[in-house]
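Please take a moment with the sequence and the model below, and then follow the strands in the order in which the text takes them up.

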Amino acid sequence: MSTQPALSIVGATRDYAVAVHGERRTLRALRGIDLEVGQGEVVAIVGESGCGKTTLSRLMLGIEEPTSGTVAIAGKPITAYGRIARAGLIQPVFQDPYSSLNPRQTLGSIIAAPLAVRGEGNGRSRQAAVVEMMQAVGLPAHLVNAYPSQISGGQRQRVAIARALIAQPRILICDEPTSALDVSVQSQIINLIGALQKKLGLTVVLISHNLAVVYHMAERVAVMYLGTIVETGSTEDIFDNPRHPYTRSLLDAVLPPTPGRRPSWSEAIAEPPNPVEPPPGCPFHPRCPRASDICLAEMPETTGRNRSTYRCHHPLGGEGS
């Protein structure tokens with residue numbers, strides 16, 4: 001694996017102007033994000049709804065710019081790339097295959113669109129590339145002239161993956177790629193992305209609520225809470241020895257398979273705080289059973305190394321979940 005990170009995010013913030021009871025306020029969706037994703041690595045970003053995962057993915061894709069801080073691809077600021085050049089390096093697979101495909105275009109034209117936009121090849125070479133890519137994602141070639149309404153949800157997501165990969169990007173951003181699919185189809189899409197990642201040497205950033213998907217796919221996990229990354233580490237360490245109380249709460253939110261058995265450490269209380277008025281100090285302290293006076297007053301510093309870090313004044317001792 002190259003020492004040059006595929007993606008590098010340093011001190012990224014993202015502010016939005018919102019109206020609260022007629023008053024103009026600032027919502028800070030991201031509050032100083034630092035994250036590196038290595039070449040060929042699969043990194044998952046997890047956290048409850050509203051924590052900033054999708055906003056972070058939009059910064060990675062260059063759809064939005066950070067209010068402050070930097071986002072870089074292969075060591076070069078993302079703003080230095082033109083739109084077409086950036087799209088050739090990084091591509092998304094969105095959550096909903098029903099709304100991410102143009103219903104008036106055939107599957108062939110949808111998959112070929114990145115090549116057409118980039119002006120690569122001619123009609124014949126693009127058609128050959130489309131058929132090859134359809135085979136790679138497990139779509140029969142005879143569907144090339146079909147429309148999205150004529151295929152299943154799982155097949156639509158395969159089309160979305162084929163469209164993302166046909167221009168041979170280095171990085172794939174998968175935002176909840178299986179959540180809109182039937183359970184019976186989810187494992188097929190997970191296995192497909194995993195197989196393509198290994199075959200093509202892709203760097204994958206996976207955004208997911210589904211911790212089973214994360215455990216199966218990711219090498220490393222970043223845990224987000226209220227616009228900050230509170231813990232990072234290898235998937236094994238995060239699942240077996242979480243250091244941040246919020247990470248432990250996320251893991252315990254998964255219902256145990258044994259009927260009648262209660263989660264072992266479900267102590268996080270209350271609703272998430274209002275992001276327009278975040279609490280002082282550690283943002284998790286209103287919900288944390290381990291909070292003390294220092295948690296109310298001071299944001300914890302990041303402890304650990306780049307690939308295994310946590311931000312907590314009173315970290316868990318590494319006991320298993």
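**The sheet and its strands**

In this predicted model, eight strands make up an open sheet with mixed pairing, and their order across it is β6-β7-β8-β3-β9-β10-β12-β11. The edges are formed by β6 (90-93) and β11 (303-305), each of which pairs on one side only. Between neighbouring strands of this sheet the average turn is 20°, with direction ignored. As a general matter, strands of a sheet pair through backbone hydrogen bonds, and they do so either parallel or antiparallel.

A useful place to look inside the sheet is strand β8, which spans residues 203-207 and is mostly covered, with five of its five residues buried. Thr 203, Val 205 and Ile 207 point one way from β8, whereas Val 204 and Leu 206 point the other way, and all are buried. Strand β7 (residues 171-175) pairs with β8 in the parallel sense over five bridges, and Leu 172 stands opposite Val 204 of β8. Strand β3 (residues 42-46) is also parallel to β8 and is joined to it by four bridges, with Ile 45 having Ile 207 in β8 as its bridge partner.

The connection can be followed as well, for β7, helix α6 (residues 183-200) and β8 together make a right-handed β-α-β unit. Another helix, α5 (residues 153-165), lies across β6 and β7 and runs at about 175° to β6.

At the edge strand β11, the pairing with strand β12 (residues 308-310) is antiparallel and consists of three bridges, and here Thr 303 has Tyr 310 in β12 as its bridge partner.

Technical notes: Residues are numbered from 1 along each chain as its sequence is written. This is a predicted model: local features need pLDDT of at least 70, side-chain atom pairs count only at pLDDT 80 or more; totals for chains, interfaces and linings use all residues. Side-chain values use heavy atoms; hydrogens and water are left out. Buried means under 20% relative accessible area, exposed over 50%, partly exposed in between (1.4 Å probe, protein chains only). Helices (H or I, at least four residues) and strands (E, at least two) are DSSP runs, numbered from the N terminus. Two strands pair if DSSP finds at least two bridges between them. A crossover is right-handed if, with the strands pointing away from the viewer, the path from the first strand over the helix to the second runs clockwise. Axes are lines fitted to C-alpha atoms, for helices over the stretch in contact, and angles run from 0 to 180 degrees between N-to-C directions. Contact means heavy atoms within 4.5 Å.
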